Amino acid sequence: MKHLLSIEDLDRAAIERIIAQAERFAEVADREIKKVPALRGRMVLNLFYEASTRTRSSFELAAKRLSADVVNFAASGSSVEKGESLKDTVLTLSAHKPDAIVLRTPWAGASALVSKWCDAAIVNAGDGKHEHPTQALLDVYTLHRRFGRLDGATIWIVGDVAHSRVARSNVLAFQRMGAHVTIAGPPTLIPRGIEQLGCEVRYTLDELASADIVYALRMQHERMSETWVPSMREYATWYQINARRLTARQVLMHPGPVNRGVEVSGEVVDSPQAVITAQVEAGVVVRMAVLYELLAGAREPRAVSDRAPVAGVAAAGGGPLA
Amino acid sequence: MRSVDPLVSAAQRPAELLLRDVRVLDPRAGADARLDVRVSGGRIAELGEPGTVETGEQELVEGHGRLTLTPAFFDPHVHLRTPGQEHKEDLATGTRAAAAGGFGAVIAMPNTDPVLDSAPLLRSLRDAAAREARVPVGFLPAITRGLQGEQLTEMAELRQEGALGFTDDGVPVQSAGMLRKALQYQRLCGGVLALHEEDRTLSRGGAMNEGAVSAALGIAGIPTVAESTMVARDAALAGYEDARVHFQHLSCAASVDAVADAKARGWRVSAEVSPHHLMLTESDVRGMDTRMKMHPPLTTETDRHALIGALRAGTIDCVATDHAPHARDEKEVPFEQAPMGTTGLETAFAALYSGLVLPGILELGLLVERMTAGAALFDLPAPLLALGEPANIVLLDLDAEWIVGEHGWQSRSENCCFAGRRLQGRVLLTVAAGAVAHRDRALATVEL
């Protein structure tokens, strides 16, 4: 695996490999010294064109726990505000020879584009409303820890699907792992044609009881001013996940940050059914596994193969690329 | 009301050519035969059985029956980006691209900077074309000042200065009341009103067709009803005012239905379709290649088939490229940030010949008819391959294969949706307004 651009590029085996690696790293988090030398001497560049605290800090922590060097580059307050294009910014930063670039932008496909412009491994940390693959991986990891296999499980993703990269990545990832996915939300926020991803579509929560897992999406306040929904009050009336709707056997997930009283009620967020903090914890170990997969997995054999062939070396360097 | 020739190009030496044993194909003239064709003094001077026309001082091209001669194509919809955006295209490069694609004349759109909306600007553009244009160019000034949709341009004066008609292409007239006034005013000034149909309250924010692909990519979609409802509305307005309108770059089945309905009622409407809408679909947007981003967006396979059927049936009257050049750095950005448009002049014939004629979907004669029909829609004489007619001809090698872009571009821009494709059918020679406007490098290798 050279880049992580989209869940579409991952088959079930690849997802399971990352989950297994994340489980090994979970043990590191419990140590007194939370660090392994796996990526010592490697450089990870966080390039963020959108505000993000949890995703960025989670990537930063993941890289540091693997002993990589981390450089954070936020678009605000930088040359980007002076009108520099994405390509020029990436070419400029590539001069520092990062081994991986973690990229968050408001534009679909930006990560795939950047992967053609530079040698670094690209990790898509959110490209517009397209995908957020590490979120999906950490969600699968969280569920895997709780349930084991997801085969046959029913997962409802509820809310503003139209503007959610999390929804798109999760529909793909959950289905890859054998789950049945239903998306539900106001008709104005369910994109036409989304059912072709293989999921079911509902406009009410009448059948929510059929879900094993309920995944609530963040409802952004600006959606109201753009008249996607008449009011937050009406949205909450019809789509809020609350104690009345969530049954005792169901698990509640949310990508954060939570709007208490809008898409979820405070009581369910604080209930034992919510695994929201487990998701945050999973974020670090899953991102460690992703960085490890991209950087440690691929680099060493390449260094060997770059040299002139010497008897015996090929066998010694028999890594994944050999 | 027109008082000057609406088409202008730089004066060039009249062609002196003998095209020996070429297949002459002109459905409008009822011609499909192997002939010798002599061009002299800018006119078709002689037509005769192969080997019967005497060689003179002219340049000789041996066709050996393998090369095809048709009327030069006519493109009623190009963006030459002049004035204001000459880094994308100018009159010289744009008309060179046209000639390379076999087009003998083109009509330029007014969404320039400043907008072509006044007689002085039209005069200066026509002066520039008289110095720089390789093939004749006609102009469609704006319907409303600054493309703002609020106040009519001085349409009567613009017509006197050579305007072929009017359009707010790119920033379409939203208000039915505004458009109705333009349709009424047409009784005074004449000229076709060419309409880019798009209800912006439906399309706003969208970057591609709305459907399964946009849903999967998380890119806001433009529903096809954004176009078709406006086609239906404006056809009804044209019918009510008995006005003449031309619908630009149709992209979907519903718009085809609306045009068919208008024609059945006897309303004076015509329509065009682009090679990219005939050849590509929203599936080609999956890779988020910005060359696949255009307005209207690429639609579904069902829509594509409806467009092909309408072109064959004549519901859609002609092909128009909507040649829309953009600089490389403007297109080398994420899909949602990229400007809309693809270049098309240099690939139109080969794309449609390869995609529609070779598989047997459309006959070559019909394709030639549809690629030349735009002239008559704008009240210009259709190019005719007949004795004594002005020489507006294109010589084609229908067997030649090439990879789009491999020889570079005549256009200043290279944002072509067909780039990298292997196509069949090559333009060898274009004669426009009686002068050689393009000569392909491969022509030298044809035995002279």
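**Helix α1 of chain B, the core and the A–B contact**

In chain B, the buried residues of α1(B) pack against β6 (73-78), β7 (103-108), α2 (119-132), β8 (137-139), β17 (422-432) and β18 (435-439). Buried means 20 or more other C-beta atoms within 10 Å of a residue's own, with C-beta atoms placed from the backbone. Helices (H or I, at least four residues) and strands (E, at least two) are DSSP runs, numbered from the N terminus.

This is a predicted model: local features need pLDDT of at least 70, side-chain atom pairs count only at pLDDT 80 or more, and totals for chains, interfaces and linings use all residues. Residues are numbered from 1 along each chain as its sequence is written, with chains lettered from A in the order in which they are written.

**Helix α1(B)**
- The helix spans residues 91-100, and 10 of the 10 are buried, so it is largely enclosed by the rest of the structure.
- Among them are Leu91(B), Thr93(B), Arg96(B) and Ala100(B).
- Just after α1(B), Gly102(B) has a positive phi of about 90°.

**Nonpolar core**
- The largest nonpolar core (buried Ala, Val, Leu, Ile, Met, Phe, Trp, Tyr and Cys joined through C-beta atoms within 7 Å) has 243 residues.
- Ile157(A), Leu291(A), Leu395(B) and Val431(B) touch the most other members.
- Helix α10 (residues 276-306) of chain A gives this core its largest share, 11 residues.
- Leaving aside neighbours within four places in sequence, Val431(B) is in contact (C-beta atoms, placed from the backbone, within 7 Å) with residues including Ala15(B), Val39(B) and Asn392(B).

**Contact between chains**
- Chain B puts in 18 residues and chain A 21 residues.
- On the chain B side, helix α6 (residues 212-217) supplies the largest share, 5 residues.

Methods:
Buried ≥ 20, exposed ≤ 12 C-beta atoms within 10 Å, placed from the backbone. Contact = placed C-beta atoms within 7 Å.
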